[in-house]
Amino acid sequence: MFKLALSAGHGLYTPGKRCLKTLDPSETREWTLNSRICNKIEEKLKAYDGFELIRCDDVTGQTDKTISYRAALANNFKADFYLSIHHNAGIGGGSGGGIEAYVYTNVDNATKQWQTAIYNSVVAKTGLKGNRSQPLRSADFGELRETAMPAVLIECGYMDSTTDTPIILTEDFANKVAEGCVEAIVTKLSLNKKAENTVNQALDITYQVWDNTLKKWLPNVKNLDDYAGIFGHEAACIYANISHGNIFYKVHVKGGGWLPEVKNREDYAGLYNKPIDALMMKTDTGRKINYAVHLKEQNRWLPFVTGYSESDSNNGYAGIIGKTIDAVKIYIG
Ligand SMILES: [Zn+2]
């Protein structure tokens, strides 16, 4: 299973990183452009089997995750390739620019091959070749230095160039960049397209909760037909399976730690009589799993999350450490 770490550079509120006002009166933020492309890459990759993907940025844009955070996430995930999407600046309202792809200053051939593959494919799709004499570059960028796997940072045109800015703002351009990245990844890894009928085929999740108040398993629930759990009761264990592919999940015991990961219904996650306060889930289907938990004391749902990481309290797991869960709801996008 190939592991891809994808990062949209910066955050929505990162100072400076935005289009030049004279060229784009709404001063579109760099993160918005970066994230739009990352979302499209994720979407387009859904048509393929054989990989697992994590996002290293905050997909809501609210926080600018540090370079160390992003690199650690990719390193812990044991990613095989790290792709960071950025847009450039430095032309100051003049013309010219174009796409550039960076690797770290001292890299192996495998990394250089990724750099060439991504660059060539994105330029072929977009035509935004620009006028830089050295579009394949190396630099001591933190994301490239701190990541332990081949890493490429692509600058998808300049936000302050009369040539590039009108182009990079378009949806069409974002689509083409994403197509270019996906084509390079798919070709390099020989990923197979999913059978046509499984791409949009419904992928159902069936799940249930062990109720620590009633001391029994509650009935199974499918997708968002209902939620599993009873408000005001303590949830202690979770059991789940999906209609094709595999699901992996684990829970955090309140006042304790994370329990081992379980797969499908080979075991359940949790311990009878031990209330849980966090849950993480992932699948190997390439589809996004969305899961949310309801807090017993606060009597409210937390937002859906999609990640799988103990170190990412934002999107890596559902729940708040120390707050008992009483219900969960899950669906696969
Ligand atoms: Zn940037």
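Which residue follows α2, and is its phi positive or negative? In this predicted model, helix α2 is followed by K78, and the phi of K78 is positive, near 60°. Most residues other than glycine have a negative phi. Two further residues with a positive phi are described below, after the overall architecture.

The protein contains seven helices and 19 strands. Its radius of gyration is 22 Å, close to the 20 Å given by the globule rule for 333 residues, so the protein is as compact as a globular protein of that length. The C-alpha trace spans about 70 × 40 × 35 Å along the principal axes. Of the 333 residues, 52% count as buried. The protein exposes about 14200 Å², and carbon and sulfur atoms supply 49% of this area. Among contacts with a separation of 6 or more, 73% are made by residues 24 or more positions apart. The protein carries 38 positive and 38 negative charges, and the mean positions of the two sets are 1 Å apart.

The chain is divided into two parts, domain 1 (2-189) and domain 2 (202-332). The centres of domain 1 and domain 2, taken over C-alpha atoms, are separated by 33 Å. Where the domains meet, eleven residues of domain 1 are in contact with nine residues of domain 2.

Helix α2 covers residues 67-77, and its buried residues are Y69, R70, A71, L73, A74 and F77. These buried residues pack against three strands, β1 (2-8), β2 (51-55) and β3 (81-88), and against the helix α4 (142-146).

A positive phi is also found at E27, where the value is near 45° and the residue is not glycine. E27 lies in the loop between β1 and α1 (30-45). With a relative accessibility of 24%, E27 counts as partly exposed, because the range for this class runs from 20% to 50%. K215 likewise has a positive phi, near 55°, in a residue other than glycine. The loop that holds K215 runs between β7 (205-211) and β8 (216-217). K215 has a relative accessibility of 44% and counts as partly exposed.

Two further positions, A269 and I230, were examined for their surroundings. A269 is part of strand β14, which comprises residues 269-270. Its relative accessibility is 2%, so A269 counts as buried, the cut-off for this class being under 20%. Leaving out residues up to four places away in sequence, A269 touches A236, C237, I238, Y249, K250, V251 and V262. A269 and V209 are 60 residues apart in sequence, while their C-alpha atoms are 9.7 Å apart in space.

I230 is located in the loop between β10 (228-229) and β11 (235-242). At 30% relative accessibility, I230 counts as partly exposed. Apart from neighbours within four places in sequence, I230 is in contact with D211, L214, L218 and D326. From I230 to Q134 the separation is 96 residues in sequence and 61 Å in space, C-alpha to C-alpha.

Key
Residues numbered from 1 in each chain as written. Predicted model: local features only at pLDDT ≥ 70, side-chain atom pairs only at ≥ 80, totals over all residues. Heavy atoms only, no water. Helix = DSSP H or I, 4+ residues; strand = E, 2+ residues; numbered from the N terminus. Rg over C-alpha atoms; globule rule 2.2 N^0.38 Å. Buried < 20%, exposed > 50% of the residue type's maximum accessible area, 1.4 Å probe, protein only. Contact = heavy atoms within 4.5 Å. Areas by Shrake-Rupley, 256 points an atom, 1.4 Å probe, with all protein chains shown as cover. Lys, Arg positive; Asp, Glu negative; His and termini not counted. Charge placed at Lys NZ, Arg CZ, Asp CG, Glu CD. Domains from an automatic or database assignment.
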